[in-house]
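Thanks for making room on the agenda this morning. I would like to walk you through one model, going strand by strand at the start and then moving to the cores, a helix and a few unusual backbone positions.

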Amino acid sequence: MKMRWKLCDRAGVAVIGLALAFAAFAIPSSLCAQTVERQNHPLIVPSYPVRFGDRSLESTIRTDERYGHDGLFQGPRGWVYWNYLENPRPIQNSNLWPDMRSTYFIGRFAMPAGSSMTLRGTFPYARFFQFALYRFERNTFVAFGESLRGPDIEPDLGSTNPFRVGANRLEEDRDFTIHLLAEDPPKDRAQRAKNTLYIGRKGNDIEAVIRIYLADQNKDGTGWGPPTSPFAKHGLPTYEATLADGTQLSSEQVVEQFAKPIVGETQKPMTVDQWVQLVQAKDNDPQMTPETTPARHPPRWEKFWTIAYSVVGIFKSAEARAKIRYAGAMEGGGEGPYLVTYLSRQYGPVYVMQGKMPTFPDTYAGKDGKGAATMPAAQTQYWSLVSCESVPSGQVVDGLSDFQIPLDKDRNYTIVVSRPEDRPKNATRENGVAWIKWSPRGEGLEDPRNRPDFGMLILRIMGNAPSWKQRPDNILTPGTAEEVMGPYFPKGRYTTKEAFESQAAKATMITGQGKTMTLTMQTLPNARGYQYCELVFNYGTAGNDIYSTSPLAQADLDWWNNLDLKALAKEFGAESVYKNGPQWWSMDEVGVLASEPVAVAGANMVFGAHLPAGTLKIPNYTVFNPAKTQNLLWKAGKPVYQLVDPDGHVYVLQGQKIPKDSIASLGKRLKKMPEGWTFRVKVLDEDLVMKLSPQKPIPSVQDEFNQIYIRIPE
């Protein structure tokens, strides 16, 4: 796939008065004069680790086709659109460190005094939604208190607001109406009209931003339509306007008379030269060096205030920085609060981040893959972490959302940040550790002065409940973040791959009950034809636990057939339990990570896996990428059972549900293979050895009997 990265820079910007000059980043630049080929760029799709919850290429393309042609709202904008689309538009350059799972639409316009605009829309199926306004002041767009988050918006008569606690999130009637008035707001907030935002009578340029974070699993990037099938509805709000003299304007007339389309990309906060001059400034904090600045050792997190304080001031000593004003609206918009830390690999190639996760509404998958049915109460609406390049790049390299991070019973997390080659082997979900990629380009500058060891992390904690006393919104002055947030404040340290690996000789995993289980590699040497049974404990949005009789003992079918599944669900605190099996291993030797024996209805089983909600509903003959640790051996001279896809990839049967004395007839039983797929039996000329690890999830498929096949590496 050929992709382009459009870069814009304005020459001749004076470095003097940087704090003011940087505020211009929200002004549209002219059409880019320079085009850089991105075919081998390290940020694009092939190098991005696929995780449960990541947006697919097809969904991204459909989202762009559906919503990318509105006359007022430009976009969609976000990481996936800039990195996945073959020819993204300049406005789609997500050069201001967006969340990995967000979609934005930007509309710029000016309304004459006394006019009004009415927007009619539909609440998206998503975790977070906001309509926010920014006013052009001081050579940038700044927030002025006019915004509506999802829960704040009154739904139309007969409709439901799915973002309110306790609401039916899947309700189909979900319309709303928002009004924009070119009037000054009432001094008494109690006098404000419902669903109304006031832009003032001065005729300032206004920027409206529609923010949608983490659309549901069965929706496109906006949460309005399906990800893989046609969608006839509009999605984006429709709009019309009325002038002060009563003249009615249609949507086309609104665009013609009000809109000020953005030409080119949104400009980055500073140029490469400005950034390098900051790095090399003689009045920087003497505790830092040009090779590592603005990173510190030990690393520290802080709230992001303004560009002057948090980007320019971070280079200065504590005394000099204290003279910089930190208070003020966040330039260029943004929905915070944010926390930020700067890193350098020169202090250590692995950064370990730890803290406590606030409660959040786990909306993505729900019980059936269609998103959670009800909006639960939570401390925060959305928590996410992104790994970034430097300010002149503005690019995000990798990111995690709250539901993708394993937690212990106390909701504590451990996240490892490193380049892929430095990733510790135990930095896996199975070990209770999340991993995020450190940019291989460091600062990401297309310049010989680029420092490859640079790193930067941004933490979003948005839509926080007023009842959560330790929310970051309560950080009112610099230096008080840890005191305010307590255990929710992130901390970090530098280490090495070897040192992190040595800390955990055993793997740990968090169950759906919140218990921490210790797992060790257990090998079954004579696996072929070994009959075993699995039980799947369903914990709803908390995921699924898998217990197995393998490798302890052959399945006891009398015990299996007489299980009381309702009693088991009650005993283990699960919503339900269902049987998976009996089945037989199809290889000759298998090694799996498993717990010590656990008593289940009077028999011993091992706990082997916890899977996120929604991962067990994958359609047959659809390739998926499970992350697991297994050592597998098929011996030479023995038959193997294989599927071959239309592209010639070969998948070998791992576990069979067809009895071993009937497996030879499997090919005749497969009646639902898609066109282009074939089944075959092959006797191996040499041993087939496969060692699976979560660092390299292996493509897999299941047939109509729900038997798993894994792809043989080519």
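Let me begin with a pair of residues: in strand E34, the bridge partner of Trp634 is Leu688. The strands here, like the helices, are DSSP runs numbered from the N terminus, with at least two residues for a strand (E) and at least four for a helix (H or I). Before going further, I should say that this is a predicted model, in which local features need pLDDT of at least 70 and side-chain atom pairs count only at pLDDT 80 or more, while totals for chains, interfaces and linings use all residues. Residues are numbered from 1 along each chain as its sequence is written, and side-chain values use heavy atoms, with hydrogens and water left out.

Back to that pair, then. Strand E30, residues 630-634, and strand E34, residues 688-692, pair in the antiparallel sense over five bridges, where pairing requires that DSSP finds at least two bridges between two strands. E30 also pairs with strand E27, residues 589-594, again in the antiparallel sense, over four bridges, and there Glu589 stands opposite Leu633 of E30. How much of E30 is covered? Four of its five residues are buried, buried meaning under 20% relative accessible area, exposed over 50%, and partly exposed in between, with a 1.4 Å probe and protein chains only.

Elsewhere, five strands form an open antiparallel sheet, in the order E3-E4-E10-E6-E7. Strand E3 (74-77) and strand E7 (140-149) stand at the edges with a single partner strand each, so one side of each is left without a neighbour in the sheet. On average, and with direction ignored, neighbouring strands of this sheet are turned by 20° against each other; the axes behind that angle are lines fitted to C-alpha atoms, for helices over the stretch in contact, and angles run from 0 to 180 degrees between N-to-C directions. E7 is joined to strand E6, residues 126-137, by seven bridges, the two running antiparallel, and Arg135 stands opposite Val142 of E7. Pro76 is found in strand E3, and the peptide bond leading to Pro76 from Gly75 is cis, with omega near -5°.

Now to the interior. In soluble globular proteins, nonpolar side chains tend to be buried together. By a nonpolar core I mean a set of buried Ala, Val, Leu, Ile, Met, Phe, Trp, Tyr and Cys residues joined through side-chain atoms within 4.5 Å. The largest such core in this model has 49 residues, and those with the most contacts inside it are Trp301, Met353, Trp383, Leu385, Ile405 and Ile415. Strand E20, residues 454-462, gives the largest share of this core, four residues. Leaving aside neighbours within four places in sequence, Met353 is in contact (heavy atoms within 4.5 Å) with residues including Trp301, Trp383, Leu385, Ile415 and Leu459. Another core, of 37 residues, lies apart from it and has among its members Phe131, Ile206, Val254 and Ala259.

Which residues of helix H11, residues 565-572, are buried? They are Leu568, Ala569 and Phe572. Seen down the axis of H11, the buried residues fall within an arc of 100°, so they line one face of the helix; the arc is that of the directions from the helix axis to the C-beta atoms. The face of H11 turned away from that buried side carries the exposed residues Lys566, Lys570 and Glu571. Among what covers the buried residues are strand E24 (531-538), strand E25 (544-548), strand E26 (576-585) and strand E28 (598-600). At the N-terminal end, Asp564 caps H11, with a side-chain oxygen 3.3 Å from the backbone nitrogen of Lys566, and just after the helix Gly573 takes a positive phi of about 70°.

I will finish with some backbone details. Pro582 lies in strand E26, and the peptide bond from Gly581 to Pro582 is cis, with omega near 5°. Ala601, in the loop between E28 and strand E29 (603-611), has a positive phi of about 55° although it is not a glycine, and Ala601 is partly exposed at a relative accessible area of 38%. Asn706, which is found in the loop between strand E35 (700-702) and strand E36 (708-711), has a positive phi near 60° and is partly exposed, with a relative accessible area of 39%.

Conventions
A polar contact is a pair of N or O atoms within 3.5 Å; within protein, one must be able to donate a hydrogen and the other to accept it, and residues adjacent in sequence count only if both atoms are side-chain atoms.
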